[in-house]
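Let's take a walk through a protein together. Have the picture ready and follow along.

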Amino acid sequence: IDGDVTRNTRLYSDVSFNPGVTSDQFQFDPPAGATVRTQPETRSATFDTVAGAAANVSFEVTTPDVPSDFDLETARVSRLRNRTTALLQYANATHDVTISTRDPSLDSGIDGETVSVGSVNGTETSLSDSTALRWQCDGLEYTVRGTLSSAEIREIARDVATACSR
């Protein structure tokens, strides 16, 4: 206060934490007849190419037509419970775009603008400088998300959605 600094110092000695607490107090003993399930860990693998990711999933992974100055940063396959996701991430010096294919789809509705994505309709949402366009077809869910313009995201999505019309 008014340029004066006050300090309070405390010194403790002979400190014991949780005396008398044993590890068996934290053991779970399920009741008779109970089924105990352990959630699986997310299994994820990263690849240098789209083909590497595609070879590790049971669905088609489309190589998207992204702007020519974009490079593939990563291709990843993740598995959690019964859901598999192939994610392709591209970037240039200033922007990024991610294309994901999920099997099965989440079947959850999101609010946004309905737009035509080739032969299907998708939902476009924007948050800050990122735009996402999501749609479903043939039991799969597709998402194109990035810091590109809405028109560029839609163009990439139309290219990816050609898999829906095959």
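Before we start, one term: two residues are in contact when they have heavy atoms within 4.5 Å of each other. Also keep in mind that what you're looking at is a predicted model.

Let's begin with the inside. The largest nonpolar core holds 32 residues, and Val97 and Trp135 are the ones that touch the most other members. Which parts of the chain each supply at least two residues of this core? Two of them are helices, H1 (50-54) and H2 (150-160), and the strands are S2 (71-80), S3 (83-91), S4, S5 (113-117), S7 and S8. Helix H2 gives the largest share, with four residues.

Now zoom in on Val97. Skip its neighbours within four places in sequence, and Val97 is in contact with Val66, Phe70, Leu88, Gln89, Tyr90, Val144, Arg145, Gly146, Leu148, Ile153 and Ile156. Try finding each of these in the picture.

Next, some empty space. Rolling a probe the size of a water molecule over the atoms shows where empty space is left. Here, the largest pocket has a volume of about 180 Å³. It is lined by 14 residues, and Ser100, Ala132, Arg134, Thr143 and Arg145 are the closest to its centre. Strands S4 (96-103), S6 (120-127), S7 (130-137) and S8 (140-146) are the elements that give two or more residues to this lining. What is the lining made of, in terms of nonpolar, polar and charged residues? The split is five nonpolar, five polar and four charged.

On to the charges. Side chains of opposite charge can pair when their charged atoms come close. How many salt bridges does a search of the whole structure find? There are five. Take Arg154, which forms a salt bridge with Glu113, their closest N and O atoms being 3.5 Å apart. This pair links distant parts of the chain, as Arg154 sits in helix H2 and Glu113 in strand S5, 41 residues apart. Is Glu113 buried, partly exposed or exposed? Glu113 counts as partly exposed because its relative accessibility is 44%, and the partly exposed range runs between 20% and 50%.

Arg154 also has a salt bridge with Glu124, and here the closest N and O atoms are 2.8 Å apart. Glu124 belongs to strand S6 and Arg154 to helix H2, so this pair ties together parts that are 30 residues apart in sequence. Glu124 itself is buried, because its relative accessible area is 8% and buried means under 20%.

Stay in helix H2 for another pair: the side chains of Arg158 and Glu155 meet in a salt bridge, 3.5 Å from N to O. These two are three residues apart in the helix, so about one helical turn separates them. Arg158 is partly exposed, with a relative accessible area of 33%. Elsewhere, Arg102, Arg134 and Glu141 are linked in a network of salt bridges.

Finally, look at two serines in loops. Ser128 is in the loop between S6 and S7, and Ser105 is in the loop between S4 and S5. Which of the two labels, buried or exposed, fits Ser128? Ser128 counts as exposed, because its relative accessibility is 76% and exposed means over 50%. Its C-alpha atom is 9.1 Å from that of Thr147, 19 residues away along the chain. Ser105, at 8% relative accessibility, counts as buried. Leaving aside neighbours within four places in sequence, Ser105 is in contact with Arg83, Gln136, Gly139, Leu140 and Glu141.

How values were computed. Residues numbered from 1 in each chain as written. Predicted model: local features only at pLDDT ≥ 70, side-chain atom pairs only at ≥ 80, totals over all residues. Heavy atoms only, no water. 1 Å grid on protein atoms, 1.4 Å probe; cavity = no way out; pocket = protein on both sides within 12 Å on 5 of 7 lines; lining within 4 Å. Points joined across faces, edges and corners; volume = space filled by probe spheres on them. Nonpolar A, V, L, I, M, F, W, Y, C, P; charged D, E, K, R; others polar. Core = buried A, V, L, I, M, F, W, Y, C linked by side-chain atoms within 4.5 Å. Buried < 20%, exposed > 50% of the residue type's maximum accessible area, 1.4 Å probe, protein only. Salt bridge = Lys/Arg side-chain N within 4 Å of Asp/Glu carboxyl O.
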